[in-house]
Structures are given as structure tokens and as C-alpha cells.
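Here's a walk through one predicted protein model, meant to be read with the viewer open. Pull up the sequence and the coordinates, and let's go.

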Amino acid sequence: MMHSGWFLKNLGDTFSTVPQRADLLFWGEWEPQSRFELTGNPFDSKLPHAIHYPIFSQRGQGRHNTDPFVFGEHFYYTNCKQKRTGKGKMLLNLQAGSVILFGSEMDKRHFVLDTVFVVNSSETVADYRNHKEEYNDMLRQATIDLGSGLAPWKKLYKGEMYDFNRHYSDDSPYIFSFFPCKIDCGKTGFERPKLDITKFKLQKPGAGTVLYAIDDEASNFWHELLAFLINQGYSLGIKLDMPQNNDAIEFPEYLMKDSNCGMGC
């Protein structure tokens with residue numbers, strides 16, 4: 001599915017041959033606040049213009065929810081492109097083991113990737129409201145309950161995660177959610193992985209949409225994608241700490257008279 005992305009840095013766990021804890025650099029989505037430093041890369045470059053350090057404060061939470069939400073014990077996919085009619089209807093009926101790619105279409109021939117989401121389980125927002133306290137507070141505030149909250153028919157999907165008690169190997173393969181990442185790439189950052197649309201059978205080239213079901217077995221597709229990313233020099237981000245939560249943080253830009261950034265930006 002197509003969405004915009006940010007280049008982020010956050011403490012978490014990565015996997016190449018064995019899990020490793022580190023500050024991870026990755027492309028993803030984070031709509032609440034962040035502090036950032038400019039990279040110096042040209043603005044017409046595919047490299048990131050800034051490295052964002054996500055933080056969270058209830059002072060000006062924003063108008064847009066974060067989807068997918070890849071922080072904490074589980075990834076969550078909650079609403080992007082879900083519809084009750086048309087192609088978006090299939091996103092309300094995904095089965096366990098389904099694989100979703102998040103990123104952006106580029107030049108009608110490639111898809112640049114930031115998150116690989118494997119479905120574990122799901123429930124509607126209406127069901128969620130019967131036990132919302134079981135969900136992480138930041139996930140709820142930044143996404144599900146933001147503003148007037150998601151529509152009751154929307155589907156909340158929990159991601160299948162890496163099992164730290166069952167390390168992945170050729171002898172013990174299984175599929176899990178992850179994001180391509182790197183640990184040490186300096187302040188330059190890196191481009192998002194670029195997938196050939198035809199090779200990965202994502203869509204008919206030039207179709208102008210990235211909401212498309214593939215016919216291949218999900219597990220086979222996932223392993224083919226994994227091999228491609230590892231060969232391209234990426235590690236797999238398998239878990240992220242929650243961003244810093246601090247309502248005492250000041251955001252003076254919200255109060256600037258000539259700023260386009262109001263309390264809901």
C-alpha cells in the first residue's frame with residue numbers, strides 16, 4: 001500500500017543472523033512530534049532530507065494517525081485504504097499469514113518499501129472498544145482514538161512478530177513482520193529498498209495503484225523478498241521501543257503567529 005514515509009531513528013532490535021539491540025535507522029511513518037537533524041542531502045535526492053527522532057506529547061497530537069504503527073510489542077495496521085466497497089473491501093477480510101507491503105510507488109515501475117506486515121489476528125474497532133485498555137496508550141492516542149476515533153467498521157490488525165524464543169534460520173523458517181533498516185550509515189542515511197513491480201508481481205506496470213493482491217503463496221513471496229533485502233545489505237528491524245512520552249516538552253512552533261502549524265498540525 002502506498003503512503004508517505006519519514007526517515008527515523010529509534011532504539012530497537014534488528015536481525016541479520018542473530019537478534020541485536022541497537023539504534024536503528026529506517027523508513028516508516030510517525031505522525032506525532034519529532035526532533036530532527038538535517039542530513040544535508042539535496043532535496044531532489046532519494047536520500048532522506050532529515051533524520052527524525054520520534055517523541056510523543058499530548059500537546060498538539062496532530063490530525064493524522066500513524067499507520068502502520070511499528071512501535072512496541074506488536075506492529076498494528078488499522079485503517080489505511082480500508083473501504084466497505086471496491087478494492088479496499090478486501091482489506092477488511094485479511095487472514096492470518098497475509099503479507100502487506102507499505103511504501104510508495106515510483107516511476108510506475110518500482111515500489112519503494114518501508115514496512116513488511118504479516119497478519120497475526122484482527123478485530124473491528126467496535127470490538128476493540130469493549131476492551132480498549134488492553135491496547136497500548138500511545139497506540140490508542142496516536143492512531144485508533146485520535147480525534148473522533150476510527151470508524152467502528154475499520155479493522156485493527158495485529159502483526160505476527162519475530163519470536164525471540166525461536167530464532168529464525170534455514171532449519172527453522174517462519175514469516176514475521178519487519179522493516180528494512182541499517183545500524184550505521186552515518187548522517188547520509190539510505191534510500192528505501194526499491195522493488196521491481198513486475199519481478200515481484202505487485203501490479204501491472206503503470207496501473208497507478210498499489211492496492212493489489214498477488215497470487216503467489218504468501219510464505220514463498222515473503223522469503224523471496226527477505227533474500228532480496230539481505231542481498232541488498234539491509235538488516236531486518238523486528239522490534240522498536242516506544243518513543244519518549246513527555247507532556248512537559250515545549251513546542252513553541254505551535255504558538256508562532258506566522259506559522260502554518262496550529263495545535264493540530
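**A walk through the fold**

Let's start with a pair of tyrosines: Y128 and Y135 are both buried, where buried means under 20% relative accessible area, exposed means over 50%, and partly exposed is anything in between (1.4 Å probe, protein chains only). Before going further, some housekeeping: this is a predicted model, so local features need pLDDT of at least 70 and side-chain atom pairs count only at pLDDT 80 or more, while totals for chains, interfaces and linings use all residues. Residues are numbered from 1 along each chain as its sequence is written, and side-chain values use heavy atoms, with hydrogens and water left out.

Now the overview. The chain has three helices and twelve strands; these are DSSP runs numbered from the N terminus, with helices being H or I over at least four residues and strands E over at least two. Of its 265 residues, 48% count as buried. Take the contacts (heavy atoms within 4.5 Å) with a separation of 6 or more: residues 24 or more positions apart account for 69% of them.

Next, the inside. A nonpolar core here is a set of buried Ala, Val, Leu, Ile, Met, Phe, Trp, Tyr and Cys residues joined through side-chain atoms within 4.5 Å. In the largest such core, which has 33 residues, F26, Y77 and F117 touch the most other members. The elements giving two or more residues to this core are β2, β5 (76-77), β6 (99-106), β7 (110-124), α1 (125-128), α2 (137-144), β8 (155-159) and β9 (179-182). The biggest contributor is α2, with four residues. There is also a second, separate core of 30 residues, which includes L101, Y168, I175 and Y234. As general background, nonpolar side chains tend to be buried together in soluble globular proteins. Back in the largest core, F117 has contacts beyond its sequence neighbours (up to four places away) that include F75, Y77, I100, F102 and Y157.

Stay with α2 for a moment. Six of its eight residues are buried, so the helix is mostly covered. The buried ones are M138, L139, R140, A142, T143 and I144. What covers them includes β4 (50-56), β5, α1, β8 and β12 (244-245). At the start of α2, a side-chain oxygen of N136 comes within 2.8 Å of the backbone nitrogen of M138.

From F26 you can step across strands. F26 stands opposite C181 in β9, and β2 and β9 run antiparallel, joined by two bridges; strands count as paired if DSSP finds at least two bridges between them. On β9 again, C181 stands opposite S235 in β11. Strand β11 (residues 235-240) pairs with β9 over three bridges, also in the antiparallel sense. C181 has a relative accessible area of 0%, so it is buried. C80, at 15% relative accessibility, counts as buried too. The structure holds zero disulfides, a disulfide being a pair of cysteine sulfur atoms within 2.5 Å.

What about charged side chains? R21 lies in strand β2 (residues 19-28) and counts as partly exposed because its relative accessibility is 45%. Its contacts, not counting residues up to four places away in sequence, are L11, G12, D13 and D241. With D241 there is a side-chain polar contact of 2.6 Å; a polar contact is a pair of N or O atoms within 3.5 Å, where within protein one must be able to donate a hydrogen and the other to accept it, and residues adjacent in sequence count only if both atoms are side-chain atoms. R21 and G237 are 216 residues apart in sequence, yet 9.8 Å apart in space, C-alpha to C-alpha. Over in strand β7 sits D114, which is buried because its relative accessible area is 1%. A polar contact of 3.2 Å joins its side chain to that of R192.

Finally, the aromatics. A search of the whole structure finds 24 aromatic pairs. Rings of Phe, Tyr and Trp (its six-membered ring) pair if their centres lie within 6.5 Å, with planes under 30 degrees apart counted as stacked, over 60 as edge-to-face and the rest as tilted. F69 and F71 have ring centres 5.8 Å apart and planes at 70°, so that pair is edge-to-face. The opening tyrosines, Y128 and Y135, are also an edge-to-face pair, at 4.9 Å centre to centre and 85° between the planes. One aromatic cluster is formed by Y162, F164, Y168, Y174, F176, F178 and W222.
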